[in-house]
Amino acid sequence: MATPVGTRWGDVGLPVELTSFVGRQQEIGAVKAALSEARVVTLTGVGGVGKTRLAMRVATGLRRAFSDGVRFLDLSSVSDRSALGSAVVETLEIHDQSGRDETEIITEFLRERQMLLVFDNCEQVVEECATLINAVIRQAPQVRVLATSRERLWVTGEHVWRVPPLSVPASDPESDEEFARSSPGPPHYPALVLFAERAAAVGGAALIRDDWPDVARLCRRLDGLPLAIELAAVQTRLFTPGQLVRGFEERLGSLGTPDRTAPARHRSLEAAIDWSYELCSPQEQLLWARASVFAGWFDLDAAEGVCSGEDLLPEAVMALVAGLLDKSVLVQEEHHGQAQYRLLETLAHYGRTRLRDTGQEAELVRRHRDWYLQLAEDMAAQWYGPDQLSWSRRLRRGYRNVRAAMEYCLSTPGEEHAGLRFTAALLQYWHGSGQMTEGRAWLERALAANREPTPARATSLRNLASICAQQQDLAAAEAAREESLALAGRLHDPLLNARALAVGAELALCRGDFVATIAHAREALSCPEYAGGPERAASLTILTVAHAMLGNYAEVVSAFEQAQRCTIEFGERFNLSWTLIGRAVAEYSAGENVSAITYLREAMRIAHEFNNPLCLSTALGVMLCSTAADGDVARAAVLLGARRRICRVFGISDFVNDNESALVDSATSQISQGLGEALFKAGVARGFAFDLDNAVDYALGAEEEPAPAAAASTTPAEPNPLTAREQQVAELVAQGMSNKQIAAKLVISPRTVEGHVDHVLTKLGFTSRAHVAAWASRHGKS
């Protein structure tokens, strides 16, 4: 089970290893030594040699050596420079709203950080990777880069480390026989160990002493390539090692390649993949080829929607996915209880070639586009509803595919209008994920590519105005808004008109003109189609904040109550978190600090569920002001440190606007004077050491104060692998409590509980809560 992203600063982006890691101890040490000397180390080698797995293992072992952690960037689905920058910003979780060039955003984010970046599959965009990495190492002196690529990057100071295949016994039939007689197993040869472990994992026939010579010959024929060996081991369910050896020798003897200079290892891997493909049923082969159109992970619904047809029924896809998992063609991981699948990059490339050979590639790419366009439009239509959190998570999981589909629309003649439909649908995703710069880039490309006067264009112009306003590019925002208003009038669409008016309220709020903000929001709400629907939540939020900034307490309460009614009616919660902050500002201004903190805690619970660090940092800013005003300056200092850490980790500007800056600056002076310099610095440092979950728990008033992440990282391993909090959660699981019930009992958010449960399952190697309950009954407190 995958560890939830964002629970520890240093773990963000590290993928889960899905099978055992065999050998490579010397290689791990050598790569670590190379990274201690060079700023950039590139692991090169043929496909299937294990570059990614080696990089993952090295990175995992070095997490504690980098104070700001390790980030893993999977570039297998990245195809151009613009997509590279967006993918890096997304993985680093940078919430920058400035509208600057992405390279500038990335280098500024990394400038003061001590971090290891793992760039995986750089051969997809080797020149673009080299340019970006060169910029990073020049401007971020404490950042190091570990890259994997089939060719070197030619980066300044690059150390190229070629990944060797796994070691195998010498090629000598007599030695093979002697080896079989003298050893019951293959302890000194990682290639043979890997074969044995994978064969056992898939339920293949148990290997006996007489099998080892054939296993040794087979691993030699496969050149010690881990991927080829794993694919071969899966076949022990059908063939003995001897049969596998003979089959591969016949296949290699007849294997043709147009490139006579191709290395033998390329031919070995091709033979292994060919045979795996031929051992699949015709329907499994069809699904393998069609699944190659996905960019990274996909879920079962997407597989059924994209890959099915008259020759592949939707109801058959689940069983076929299971078959490809059994054959190690697909890999699986789980996020928030949802299974996802993907083809390894080498197998995806093979499948795409097969798909192209059938002449179906163009049709499948269009199906892929249609599926993700429908997904985006469904999210937009249902965003202001009870499934909002599920939609947020689903779009986050599938966004690489959305990005690939948009690129297809905007690079394929005749498909440009579909690109505008994408950009019309994705504003809420870009706002929620903090990817303003990427969203603006897509919007500008789509609007330039298609100028037809359609509702999609009017909505995309509105979306561009909203993003430009958040980026403080007010002239561009006003121009886009005016064009959207004009087009809405031309289309005689009152709802489109109201949406553009609502963006006027955003613009005025960003200018600090709160009177104009209220006027624009009320004008939008005068449209019955808008005022009667769920989208009014956004304008009610803006009204709450604007009235709070003007000190209009009664109007704040009125707008807040309307927002609450909207939540009850439609189930919308994302905007409610910001509305709660607006109400808290009013309470703070009225001297009702305890009430303000209550509203802020609810806002933080919602923001944490949506993984919205911008909202969290804003809530913490108001909370530390309220806490200080209530007289608890020691706690306020810790909250100040936690807020600074969140801003640093997620690349958030310290303040959304001048008003927030003035509030926090004033409170900071009060805290510092109340504590004295030494205690003030100690409190801030303590909060700065919290990880994200612990920072939220502390702000929510958890009874058990969390230990700083820095201290936790140095705690020696004990027989019980769980932390005190994880042990507590495990015991409550054993009592039959749901995540929501546990959250209420421990005064923490349900998302935090979900993360703790996932950690418990991962650490204990379990797959269900029932296993946890049984374990907790044996290891609980007496």
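Reader: Which residues does Tyr429 touch, not counting residues up to four places away in sequence?
Author: Tyr429 touches Glu90, Met379, Leu395, Arg396 and Tyr399, once residues up to four places away in sequence are set aside. Bear in mind that this is a predicted model. Tyr429 itself sits in helix H19, residues 427–433. Its C-alpha atom is 8.8 Å from that of Ala380, a residue 49 places away along the chain.

Reader: Why does Tyr429 count as buried?
Author: Its relative accessibility is 5%. The cut-off for buried is under 20%, so Tyr429 at 5% counts as buried.

Reader: OK, on to charged pairs. What makes Asp68 and Arg648 a salt bridge?
Author: Their closest N and O atoms are 2.8 Å apart, and a salt bridge needs a Lys or Arg side-chain nitrogen within 4 Å of an Asp or Glu carboxyl oxygen. So the pair qualifies as a salt bridge. Asp68 is in the loop between helix H2 (51–61) and strand E2 (70–74), while Arg648 is in helix H31 (residues 633–650), so the bridge ties together parts that are 580 residues apart in sequence.

Reader: Is Asp68 called buried or exposed, and what about Arg648?
Author: Asp68 has 6% relative accessibility, so it counts as buried. Arg648 has 23%, and partly exposed covers the values between 20% and 50%, so Arg648 is partly exposed.

Reader: What does Arg440 form with Asp473?
Author: A salt bridge, with the closest N and O atoms 2.9 Å apart. Arg440 belongs to helix H20 (residues 436–449) and Asp473 to the loop between helix H21 (455–470) and helix H22 (474–490), so this pair ties together parts 33 residues apart in sequence. Arg440 is buried at 14%, whereas Asp473 is partly exposed at 27%.

Reader: How many residues apart in helix H33 are Glu677 and Lys681?
Author: Four, which means they are separated by about one helical turn of H33 (residues 677–688). They form a salt bridge too, with the closest N and O atoms 2.9 Å apart.

Reader: Why do Glu677 and Lys681 count as exposed?
Author: Exposed means over 50% relative accessible area. Glu677 reaches 55% and Lys681 reaches 52%, so each counts as exposed. Elsewhere, salt bridges that share partners join Asp68, Arg645 and Arg648 into one network. The structure holds 32 salt bridges.

Reader: Now the helices. What makes H28 roughly parallel to H30?
Author: H28 (residues 574–589) and H30 (residues 613–629) pack at about 20 degrees, with their axes 10 Å apart. Angles under 35 degrees count as roughly parallel, so H28 is roughly parallel to H30. H28 passes H30 in a left-handed crossing. The residues that meet include Trp578 and Ile581 in H28 and Val622 and Cys625 in H30. By class, this contact has 11 nonpolar, three polar and no charged residues.

Reader: And why is H29 called roughly antiparallel to H30?
Author: H29 (residues 593–609) packs against H30 at an angle of about 160 degrees, with the axes 9 Å apart. Over 145 counts as roughly antiparallel, so that label fits H29 and H30. The contact includes Leu600 and Met604 of H29, along with Leu620 and Met623 of H30. Its residues are 12 nonpolar, four polar and one charged. H29 also passes H30 in a left-handed crossing.

Technical notes: Residues numbered from 1 in each chain as written. Predicted model: local features only at pLDDT ≥ 70, side-chain atom pairs only at ≥ 80, totals over all residues. Heavy atoms only, no water. Axes fitted to C-alpha atoms, helices over the stretch in contact; angles between N-to-C directions. Helix = DSSP H or I, 4+ residues; strand = E, 2+ residues; numbered from the N terminus. Parallel < 35°, antiparallel > 145°, perpendicular 65-115°, else oblique. Left-handed = near helix turned anticlockwise from the far one by under 90°. Contact = heavy atoms within 4.5 Å. Nonpolar A, V, L, I, M, F, W, Y, C, P; charged D, E, K, R; others polar. Buried < 20%, exposed > 50% of the residue type's maximum accessible area, 1.4 Å probe, protein only.
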